[in-house]
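Trainee: Could you take me through one part of this model slowly? I'd like to learn how to look at it step by step.

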Amino acid sequence: MTFKKGFIAPPWPHTKGDSISADSLIERAEKKAIQSCGLYYEIYEYRTLCALKTLLDKLSSEDAITFLCAAHQRGFEVTESAISESRQFYDEKIDEIKNNLRT
């Protein structure tokens, strides 16, 4: 089955032939991450990458390529190394916030 460029099968149970824009899935992940990040980029980025990785793991290999291309165009590299690096920055920011609350 082929979809229009940039569209993939939804990563949840769906009717055969359904499609969704990869960009719209990424936008959903971004919106959810920004709601609880306190406007700290490190928290936003890590939460977005985790959400994108969760979605990626549910996609077929063909749809995963489309999804990764869309993520890349939006500035996200959904790789284990990128997520690990983002996690380090996230942890540092959380520690900084905790330390500021103590003082």
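Trainee: In what order do the elements of the protein run from the N terminus on? And then, for a close look, which residues of helix 1 are buried, and what covers them?

Mentor: Happy to! Keep in mind from the start that this is a predicted model. From the N terminus on, the order is β-β-α-α-α-α, which gives two strands and four helices. The C-alpha atoms fill a box of roughly 60 × 25 × 20 Å along the principal axes. Of the 103 residues in the protein, 34% are buried.

Now to helix 1, which covers residues 22-35. Begin with its length. Its 14 residues, at 1.5 Å a residue, should span 20 Å, and the end C-alpha atoms are 21 Å apart, so expectation and model agree.

Next, look at which side chains are hidden. A residue counts as buried when its relative accessible area is under 20%, and as exposed when that area is over 50%. In helix 1 the buried residues are A22, L25, I26, A29, E30 and A33. Viewed down the helix axis, these buried residues fall within an arc of 135°, so they line one face of helix 1. The spacing behind this is a general one: an α-helix has 3.6 residues a turn, so residues three or four places apart point the same way. On the face turned away from the buried side of helix 1 you will find K31, K32 and Q35, which are exposed.

One residue of helix 1 falls in between. E27 belongs to this helix, and E27 counts as partly exposed because its relative accessibility is 34%. Its C-alpha atom lies 9.7 Å from that of A71, although E27 and A71 are 44 residues apart along the chain.

What covers the buried residues of helix 1? The cover includes strand 1 (7-8), strand 2 (20-21), helix 2 (41-56) and helix 3 (61-73). Contacts across the sequence matter for the whole picture too: among the contacts with a separation of 6 or more, 53% are between residues 24 or more positions apart.

Let's visit two of those covering elements, starting with helix 3. Its 13 residues should span 18 Å at 1.5 Å a residue, and the end C-alpha atoms are 19 Å apart, so this helix agrees with expectation too. The buried residues of helix 3 are D63, A64, F67, A70 and A71. They cover an arc of only 125° around the axis, so they sit on the same side of helix 3. Their cover includes helix 1, together with strand 1 and helix 2. Helix 1 and helix 3 therefore each appear in the other's cover: helix 3 helps cover helix 1, and helix 1 helps cover helix 3. On the other side of helix 3, the exposed residues are S61, E62, I65 and Q73. Q73 has a relative accessible area of 68%, which is why it counts as exposed.

Helix 2 has 16 residues and reaches 22 Å from its first C-alpha to its last, close to the 22 Å expected. Its buried residues are I43, Y44, E45, Y46, T48, L49, L52, L55 and L56. Among the elements that cover them are helix 1, helix 3 and helix 4 (80-102).

Finally, follow the chain out of helix 1 into the loop that leads to helix 2. L39 is found in this loop, and its phi is positive, about 65°, although L39 is not a glycine. That deserves a second glance, because most residues other than glycine have a negative phi. With a relative accessible area of 75%, L39 is exposed. Y40 lies in the loop between helix 1 and helix 2 as well, but Y40 counts as partly exposed, because its relative accessibility is 33%. Setting aside neighbours within four places in sequence, Y40 is in contact with K93 and I97. The C-alpha atoms of Y40 and Y90 are 9.1 Å apart, with their positions 50 residues apart in sequence.

To bring it back to your request: helix 1 has a buried face, which includes L25, I26 and A29, and an exposed set made up of K31, K32 and Q35. Try turning the model until you look down helix 1, and see if you can pick out both.

Key. Residues are numbered from 1 along each chain as its sequence is written. This is a predicted model: local features need pLDDT of at least 70, side-chain atom pairs count only at pLDDT 80 or more; totals for chains, interfaces and linings use all residues. Side-chain values use heavy atoms; hydrogens and water are left out. Buried means under 20% relative accessible area, exposed over 50%, partly exposed in between (1.4 Å probe, protein chains only). Contact means heavy atoms within 4.5 Å. The expected span of a helix is 1.5 Å times one less than its number of residues. The arc is that of the directions from the helix axis to the C-beta atoms.
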